[in-house]
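Please look over the sequence and the structure shown below. The questions that follow address them part by part.

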Amino acid sequence: MRLTGPEPERFITDRVAEALPAYEVTAMLGHGGHAVVLAGRHRRLGRTVAIKVLSTSAADGGAHGRFLAEARLLAGLDHPHVVRIYDYVESGDLCLLVMERLAGGTVRARAANGLTVDVVCAIGLATAAALECAHAGGILHRDIKPDNILFSADGLLKVTDFGIAKLIGASGAAPSTLVGTPVYMAPEQFDGRPPGPACDLYALGIVLYELLSGRPPFVRALSMAQLMDHHLRVAPQPLDAAPPAIAAVVDRALRKEPGARPPSARAFALDLAAATAHALGAGWLTRCPLPLRLDDDVRDAARGSPPARTPPARTPPARTPPDTPPSAVPPPATASPRRWSAGVIRRRSLNRTARRDLRPADITSAPLRVDYPYSVVAAPDGAVYVSQRLRHRVLRIERDGRTVHVAGSGKSGPHGDGGPAVNAELDNPCGLALGPDGSLFIADSFNNRIRRVAPDGRIVTVAGSGRHGPPAGPAARHAASLNLAHPHGVYVDAAGLVYVANTGGHQVIRIDPDLRAAPLAGAGVPGLSGDHGPAQFAQLRRPHDVTAPPGRNVYLADTDNHLLRAVDADGIISTAAGMFYGASPDDGAPARIADVGRPHSLAPTPSGGLLVTDPDRGRVRLVTHDRLVRIFADARTGLRRPLGVTVHSDGTAFVVDTAQHLIHRLPVA
């Protein structure tokens, strides 16, 4: 089926509408190659979306795989400055990617009317933040350009079009194949050297040079051979149109050798933020009309304050391609205790608001290095289990640092039930939990299942049909018949009740020991409502985690509502902490008005508190037993992007820092 010419207007929209009955297809936004982009609207929610459509019958043999890869990559990235994916559907020869519609236009369109220096620098900071998130997940964009940086209707910048993205270190196109847009491609993309994060920073440097000067450093009129030669050997003309401090940051990003460029997207952002504050004054960020979602240290640098000291950026290790046999998978970085890092770190006392430096002897132990960690759960014997989302595996790290492979062959897929867990396929494993008998429960997110690894090492599916489907209705049903939607969190209590944060279904589901399942909270329609009423009829928005401490309420991380919510023994839901708008950022604020960011993972503490991770702000907060919200750990403790958290019975907190590939161990009491 062709996707060009008159056919899309007359026929493609009908096919897409048939495949997506929940959406009204309203218009065509654009087309090119083998794909078209349609505008749509969710019939019940009224949410506008963009629907990217690929016809596999018209595309080349590898297009379908690239399209599915783009959907998987976007689903694995969770950042305010990255376009959000809502759904992926295959219908006949059509592949449909449903994502948020960015109605504010492209950076290129805005640049046509001229951009001020502060807006250009804000574009650079937002794009660098998106790239940091992608690089932390082992993903290169490889096509950063003004056309792929768009704005939402409320003006928030989003990086889009990950269609030719590459997993860092994975095999890809042959060296003779040029991948990207030549005007923005780094030298190493031309001469066949393996690309790394520095190639995206080079492209961002080209974008900023063009926005500041009105032209790219190497004009588009050059032939391909001339353009390649310029990227490889010719220095750009000095950027005289920009303040010298800002021009120097852009110039460094355009160095020919990758090692001469900033070591990471965060380092680039810190340099650009500090240079902009120097050139435009400390108040430039307040005056800038572009909304930004920046980490605290970058925001501090943009205000002219020295950024908090953080550990040097670590380039993500090479990811084994999904089809690599298990025997070829390299040992994880935790295999040798010699690779652990040490040094003085800081923490916040839980009983006082003041900070103090801690001597190394005060630290429980040095952080553990793990490739692509996501979630963590502590075992009673002091070991911890860690999910490696992008490696499709789960590891157990013993108290002495030895690493044991527990589940996942390293190949993404749904197969392996009934056999050894180490040979089974997982697909983006997220949350972990331990049952009363020592069984390990895995939220096998992209397989839309909850898997259980028995003490004898055998793996089975305990919940989820494997189909991405509509939310569960209020009636109880067998857990195996549930259609889950990318579950992120799982928790098992002492009675064997299993709680599932069904993230894409906007519900939390409870499963009894007889495998009968019913929603505990959430009607399955995203929104914010229902406090002080039955939890089943409340609205949640993409809950990422759930925990049920003994003798206490069930707590939910209502992530996109920026709330921590609680369900009591009578099934009544209420807000335990946070406010959707106007929350107080003060340390020690009452829970009912406190800022808890976008809560991601939850862990109860022995003293009756609750640790809550907020990866977007780089913080872990403590909700105390007397309902105050304090900062437990942040950049001053060495954190950058905390995702998972667990607390051992001895009072040790294990915090997953996905940006640094570390698991920090911090004392809670």
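**Questions and answers on the predicted model**

Q: At 49% relative accessibility, how does glutamate 257 count?
A: Three classes are in use: buried is under 20% relative accessible area, exposed is over 50%, and partly exposed lies in between, with a 1.4 Å probe and protein chains only. The relative accessibility of glutamate 257 is 49%, so this residue counts as partly exposed.

Q: What kind of model is this?
A: Residues are numbered from 1 along each chain as its sequence is written, and side-chain values use heavy atoms, with hydrogens and water left out. Local features need pLDDT of at least 70 and side-chain atom pairs count only at pLDDT 80 or more, whereas totals for chains, interfaces and linings use all residues, since this is a predicted model.

Q: Where along the chain is glutamate 257, and how far is its C-alpha atom from that of cysteine 199?
A: Helices (H or I, at least four residues) and strands (E, at least two) are DSSP runs numbered from the N terminus. Glutamate 257 is placed in the loop between helix 8 (244–253) and helix 9 (265–280). Cysteine 199 is 58 residues away along the chain, and the separation of the two C-alpha atoms is 9.9 Å.

Q: What share of the residues in the protein chain is buried?
A: The protein chain contains 11 helices and 37 strands. Of its 669 residues, the buried share is 57%.

Q: Which helix gives the largest share of the largest nonpolar core?
A: A nonpolar core is a set of buried Ala, Val, Leu, Ile, Met, Phe, Trp, Tyr and Cys residues joined through side-chain atoms within 4.5 Å. The largest one has 65 residues, and Ile123, Leu125, Leu157, Phe268, Leu272 and Trp284 touch the most other members. Its largest share, 12 residues, is supplied by helix 4 (residues 117–136).

Q: Which residues does isoleucine 123 contact beyond its neighbours within four places in sequence?
A: Contact here means heavy atoms within 4.5 Å. With those neighbours set aside, the contacts of isoleucine 123 are Val107, Leu115, Phe151, Leu157, Leu211 and Leu290.

Q: How are the planes of the rings of tyrosine 491 and tyrosine 499 arranged: stacked, edge-to-face or tilted?
A: Rings of Phe, Tyr and Trp (its six-membered ring) pair if their centres lie within 6.5 Å; planes under 30 degrees apart count as stacked, over 60 as edge-to-face and the rest as tilted. A search of the whole structure finds 1 aromatic pair. In tyrosine 491 and tyrosine 499 the ring centres are 6.5 Å apart and the planes stand at 50°, so the pair is tilted.

Q: How many residues apart in sequence are the parts tied together by arginine 391 and aspartate 371?
A: A salt bridge is a side-chain nitrogen of Lys or Arg within 4 Å of a carboxyl oxygen of Asp or Glu. Arginine 391 and aspartate 371 form one, with their closest N and O atoms 3.4 Å apart. Arginine 391 is in the loop between strand 14 (384–388) and strand 15 (393–397), and aspartate 371 is in the loop between strand 12 (368–369) and strand 13 (373–378), so the parts they tie together are separated in sequence by 20 residues.

Q: How far apart are the closest N and O atoms of arginine 598 and aspartate 560?
A: Both arginine 598 and aspartate 560 are buried. They form a salt bridge in which the closest N and O atoms are separated by 2.4 Å.

Q: Which residues are joined into one network by salt bridges that share partners?
A: The structure holds 36 salt bridges. Aspartate 595 and arginine 621 form one of them, with closest N and O atoms 4.0 Å apart. Those that share partners join into one network Asp78, Arg84, Arg542, Asp560, Arg598, Asp616 and Arg641.

Q: What is the value of phi at asparagine 448, and is this residue buried or exposed?
A: Asparagine 448 is found in the loop between strand 18 (440–444) and strand 19 (449–453). Its phi is positive in a residue other than glycine, near 55°. With a relative accessibility of 4%, asparagine 448 counts as buried.

Q: What is the phi of histidine 562?
A: Histidine 562 lies in the loop between strand 27 (554–558) and strand 28 (563–567). Histidine 562 counts as partly exposed, at 26% relative accessibility. Although this residue is not a glycine, its phi is positive, at about 60°.
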